[in-house]
Amino acid sequence: MTVFTEGNLRISFPSGTNARIFDDASHGLSHCMKAVDFVVDIGHQYLFIEFKDPDAPGVPENRREEYLKDFLAGRIDKDLKYKCRDTFLYEWASGRADKPINYYVIIAIDTLTPADLLVRTDALKKNIPLRGPRNAGWTRPFVSGCAVFNIAAWNKHQRRYPVSRIQ
Amino acid sequence: MSLTKLEFERFTAFDKLTLELSPGINVFIGANGTGKTHLMKVAYAACDVTKTKMNFAEKLNRVFLPSGRSIGRLAKRNKVSTTGAAAVYRDDLKIRVSFSNRAETPESAKVTGQPDWLAKPIESVFIPVKEMLSNGPGFRSLYAQREIHFEEIYADILDRAYRPPLRGPADKGRKKLLEQLQKAIDGKVIVSNEEFFLKNKQGNLEFTLLAEGIRKLGLLWTLIQNGTLLDGSVLFWDEPETNLNPKMFGALMQIMLDLQSAGVQIFVATHDYVVLKELDLRRENHHEIAYHSLFHDDHGVVQCKRASQFLDIDPNAIAQAFSDLYDREVNRTLGSGAQ
């Protein structure tokens, strides 16, 4: 099993999974390109995974509330979009990005409801965007799917890659 | 003095149910057929008789309008003979009605506690799902003179709306509420020959030409302006979201919270997530909200669980609908790109 940590969160992948921490020092272009936390090759597709953890211990309550408001109002969407897009460009220029990509964002706020997650998932799909222009859909969309989760929703839908909080 | 408790025994959808009420906002959620409107009608009838002095059983019969006006039909349906009962409390005061399922007239029902209950009048208004102000002209006289098949809540809401404005300047709280509403509807409501109009810079617009959302806010403006909704009043609102653009829910919920702050006890039944969420996001520490979740248990009996926080509502029929949608959305994404 491969285990990665990001701040106070931990994600586990089955042994043999080709998973990389993407936004570490080896990225080398953080001054001009944004980056998701992890890139995972699961054979038939790549997963771009981004963690956001405003519930982390030590985060002041007002910062947490501020982040929640920004998230629900869609003010984080742009950052999420650029992280995905820049990661794609980086991977494409590196000669990878040769399989469909799914982009998953995990917002570690327990109180997010399914309705909140559904609304932000729809907004992310629109912002990436998943499809090309209305009259000429892309034949090679660079992201084939995306979704926003909290930890509980992630662990319900992605049992192979459980996420937990480091106690 | 606000309503404190409701009790039902073999009454319409209920086998046996007790609800402890909040003096602030009581939100009722639950699937269709769990009795949300029924319990609000009972509570409303109990409030209304304090003003009209009508017999409680007679008022219940008028607001429920059972077939043939047989009050016995309000008893929970059972193959054997049974007795239905409902009781409403204001602290130590209690009014109770009970009747056999074979009872045909309200006079054969037994009402207890009515004299003491009537000694302390309570102002109330029930806003039904169907908007009525645009149907106002002629309706009241028709209702008074003919046997038309309308539950009395429809005539009652018009009676309230036709009341003339309160004399004298509005106090600070009422003025603020009226200004909020005027801003939202961009005008004031006036009545001419029983017809409701929105008066603004463009002139007088008849209610039949207005969007239903504006009509609803206009109704609230009227009820606040004429003193129906004041400190100590009780507001019952059945599905305020009906025919309203969700963008207006925020303004509506803010007014509901402000009414509660002004001392109005509120009962609201809703199927809408945005209504719940707007209340949750806009509430402040001083607001009192109780969420009553009605549901059928494994035996098909209606039960109720109370929560004071949005996230503690359980079961939450509205959130469950979103949960199902979210799961299907994620499953579709997980499926995309699969081999």
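Trainee: Let's start with B:Asp91. Is B:Asp91 buried or exposed?

Mentor: Keep in mind that this is a predicted model. B:Asp91 sits in the loop between strand S4 (83-90) and strand S5 (93-100) of chain B. Around B:Asp91 there are 10 C-beta neighbours inside 10 Å, and a residue with 12 or fewer falls in the open class. B:Asp91 therefore counts as exposed.

Trainee: What is the phi of B:Asp91 near?

Mentor: This residue is not a glycine, yet its phi is positive. For B:Asp91, phi is near 50°.

Trainee: B:Thr12 also has a positive phi without being a glycine. Is B:Thr12 buried or exposed?

Mentor: B:Thr12 has a phi of about 40°, and its place is in the loop between strand S1 (5-11) and strand S2 (14-20) of chain B. The cut-off to use here is 20 or more C-beta neighbours within 10 Å. B:Thr12 has 21 such neighbours inside 10 Å, so it counts as buried.

Trainee: And B:Gln145, is that one buried or exposed?

Mentor: B:Gln145 belongs to helix H4 (residues 139-145) of chain B. Its C-alpha atom is separated by 17 Å from that of B:Asn135, 10 residues apart along the chain. With 8 C-beta neighbours inside 10 Å, B:Gln145 counts as exposed.

Trainee: On to the helices of chain B. How are H6(B) and H8(B) oriented to each other, roughly parallel or roughly antiparallel?

Mentor: Helix H6 covers residues 172-185 and helix H8 covers residues 249-261, and their axes come within 11 Å. The axes cross at roughly 170°, and angles over 145 degrees go into one class. H6(B) and H8(B) are therefore roughly antiparallel.

Trainee: Which residues of H8(B) make that contact?

Mentor: From H6(B) come B:Leu177, B:Gln180, B:Leu181 and B:Ala184. By class, the contact has six nonpolar, one polar and one charged residues. On the H8(B) side the residues are B:Ala251, B:Ile255, B:Asp258 and B:Leu259.

Trainee: Now the domains. Which element gives the most to the side of domain 1 of chain B that touches domain 2 of chain B?

Mentor: Domain 1 of chain B is 5-123 + 232-331, and domain 2 is 147-229. Their centres, taken over C-alpha atoms, are separated by 24 Å, and the contact takes 19 residues from domain 1 and 16 residues from domain 2. Helix H2 (56-64) and H8 of chain B each supply at least two residues of the domain 1 side. The one giving the most, with four residues, is H8(B).

Trainee: How many nonpolar residues does that side of domain 1 have?

Mentor: Sorting the side of domain 1 of chain B that touches domain 2 by class gives three polar and four charged residues. The nonpolar count is 12.

Trainee: What about chain A against chain B? Which element gives the most to the side of chain A that touches chain B?

Mentor: Here 16 residues of chain A are in contact with 15 residues of chain B. Helix H3 (114-127) and strand S7 (145-149) of chain A each give two or more residues to the chain A side. By class, that side has seven nonpolar, nine polar and no charged residues. The element giving the most, with five residues, is H3(A).

Trainee: Where does A:Pro129 lie?

Mentor: The peptide bond from A:Ile128 to A:Pro129 is cis, with omega near -10°. A:Pro129 lies in the loop between H3 and S7 of chain A.

Trainee: Chain B has a cis bond from B:Asp314 to B:Pro315. Where is B:Pro315 found?

Mentor: Omega of that bond is near 0°. B:Pro315 is found in the loop between strand S14 (302-307) and helix H10 (317-335) of chain B.

Trainee: Last topic, the open sheet in chain A. Which strands stand at its edges?

Mentor: The sheet has three strands in the order S1-S2-S8, with antiparallel pairing. Neighbouring strands are turned by 25° against each other on average, direction ignored. Each edge strand has a single partner, so one side of each is left without a neighbour in the sheet; these are strand S1 (2-6) and strand S8 (163-165) of chain A.

Trainee: Which residue in S8(A) does A:Arg10 stand opposite?

Mentor: Strand S2 (residues 9-13) of chain A is joined to S8(A) by three bridges, and the two run antiparallel. Opposite A:Arg10 in S8(A) stands A:Ser164.

How values were computed: Residues are numbered from 1 along each chain as its sequence is written. Chains are lettered from A and ligands numbered from 1 in the order in which they are written. This is a predicted model: local features need pLDDT of at least 70, side-chain atom pairs count only at pLDDT 80 or more; totals for chains, interfaces and linings use all residues. Axes are lines fitted to C-alpha atoms, for helices over the stretch in contact, and angles run from 0 to 180 degrees between N-to-C directions. Angles under 35 degrees count as roughly parallel, over 145 as roughly antiparallel, 65 to 115 as roughly perpendicular and the rest as oblique. Two residues are in contact if their C-beta atoms, placed from the backbone, lie within 7 Å. Ala, Val, Leu, Ile, Met, Phe, Trp, Tyr, Cys and Pro count as nonpolar, Asp, Glu, Lys and Arg as charged, and the others, Gly among them, as polar. Domain bounds come from an automatic or database domain assignment. Two strands pair if DSSP finds at least two bridges between them.
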